[in-house]
Amino acid sequence: MQSSRRLFLRGLASVAGAASAQTAQAQHAHPGPPPQKASVQPVGPAPRVPPHQLGAEVVPVVSPDIPDMPWRLENGAKVFDIRVEHVRTALIPGRVMDGWGFNGSIPGPTIQVIEGDRVRLNVENWLPEPFSMHWHGLEIPNEMDGMPGISQDAIPPGGRFVYEFTLKQNGTFFYHSHMAMQEMMGLIGLFIIHPRRAHTPRVDRDFGIILQEWALLPNNTIPNSLAMEFNWLTLNGKAGPATTPLIVKLGERVRIRLVNLGMDHHPMHLHGHQFYVTGTEGGRIRTTAVIPENTVLVGVAQARDIEFVADNPGDWHFHCHLPHHMMNQMASMVGPLMMSHANAPRPGQAGPGAAPNAGMFPGYPQDTFMVMDDMVAKPETYGLRPGWSGGTMGMMTIVRVLNPELFEKIQELKAEQARKADAR
Ligand SMILES: [Cu+2]
């Protein structure tokens with residue numbers, strides 16, 4: 001946490017004294033042996049790109065639970081150092097996963113750049129197998145596209161490859177491993193290219209979310225990348241209720257950018273509002289062509305930008321509507337079986353003083369309801385109705401449309417949390 005903030009500050013300092021010229025030529029080098037220990041994904045507030053570094057009237061994208069990737073300026077190019085590595089993370093408190101990510105994060109840190117930027121991306125492979133990075137949707141020279149065997153040799157374990165190109169598009173893009181099974185280990189991140197001037201009507205809030213799915217067998221922390229059934233569904237690496245709610249002020253215009261990389265398509269549904277789909281993985285949709293919806297299907301390898309005016313106050317679920325994607329840790333009959341032993345109702349037992357699940361039947365119903373408000377408490381959950389966490393599972397988060405007082409209170413709590421993190 002602190003070290004990434006320091007890296008970020010160093011990035012700002014190096015603007016003045018740009019380092020020696022480096023050609024766009026790709027190269028192999030050996031950064032040293034891969035580390036013995038996994039990077040552990042930190043919890044708490046994530047470093048963000050300051051708004052003044054973006055174009056006119058452009059607000060930075062906030063990717064809840066995921067940091068921004070730091071950069072430095074060298075001879076006019078924004079330079080990013082990307083480490084591909086084993087990352088230990090928690091999908092919810094207590095459910096640990098050993099996946100693969102970038103710079104200690106699953107999904108990888110969010111890259112935020114501006115149309116027209118020259119970018120240089122130093123990719124170091126700390127995985128135990130070959131790797132190649134693809135820049136999904138970008139119109140770049142063939143040799144920078146990251147197709148192993150086709151456009152470059154795969155980067156060997158311990159190896160390095162430098163990607164460099166100029167960005168001529170704007171929109172919601174992403175970077176990911178181009179080794180298919182590695183994609184299911186978590187190797188993806190957002191690559192947001194801001195326009196030089198904000199699209200109109202301009203938004204007050206802009207969020208980015210990556211949709212992923214995992215097959216984590218009981219007593220196992222390594223995802224089964226062969227699986228076709230998934231029992232953990234995440235937004236930016238967290239399953240509900242550990243997903244951080246999206247905080248907006250009543251009346252604000254909001255954009256949410258969704259990217260899906262997994263084995264399923266996700267129909268993402270917003271409560272209480274209609275939205276317009278304003279962009280895809282191919283860029284901005286013409287204003288005359290946007291369509292109103294409240295459920296947008298985000299297919300595999302697609303991006304969808306949605307925009308709406310948050311004019312309906314309250315806390316609203318925003319979630320994948322596939323029923324199995326609204327749950328955690330699914331396993332055949334585990335909940336109902338436990339219930340039949342622990343809390344089986346007996347004739348005449350219902351009423352005050354009875355077992356917690358009195359009135360329920362063994363093997364039925366299908367759902368369990370586990371309240372864990374305190375375990376996932378953070379500034380963004382302040383003021384939610386007690387028990388809220390019991391109904392927020394799987395690929396679910398909450399859009400909180402708040403009155404100014406509660407909105408400001410949460411900003412204060414976040415500032416306090418950031419101060420404490422800095423002091424550590
Ligand atoms: Cu889904």
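Two strands count as a pair here when DSSP finds at least two bridges between them. Keep that in mind as you explore this predicted model.

**Stop one: S21 and its partners.** Select residues 314–320, strand S21, together with residues 396–402, strand S22. These two run antiparallel and are joined by six bridges. To see one of the matched positions, click His 317 and look across to S22, where its bridge partner is Ile 398.

Now add residues 266–270, which make up strand S15. S15 also pairs with S21 in the antiparallel sense, over three bridges. Pick Met 268 and you will find Cys 320 of S21 as its bridge partner.

**Stop two: a four-stranded sheet.** Next, bring up the open sheet whose strands follow the order S5-S10-S9-S7, with mixed pairing. Select S5 (108–114) and S7 (133–136): these are the edge strands, and each has a single partner strand, so one side of each has no neighbour in the sheet. As you turn the view, note that the twist from one strand to the next averages 20°.

Stay with S5 and add strand S10, residues 188–194. This pair is parallel and is held by five bridges. Highlight Ile 111, and opposite it in S10 you will see Phe 191.

**Last stop: colour by confidence.** Switch the colouring to pLDDT. The protein averages 86, and 79% of the residues score at least 70. Then select residues 1–31, where the pLDDT is below 50. Even so, the model gives this stretch 38 contacts beyond near neighbours in sequence.

Note on methods: Residues numbered from 1 in each chain as written. Predicted model: local features only at pLDDT ≥ 70, side-chain atom pairs only at ≥ 80, totals over all residues. Axes fitted to C-alpha atoms, helices over the stretch in contact; angles between N-to-C directions. pLDDT = per-residue confidence, 0-100. Contact = placed C-beta atoms within 7 Å.
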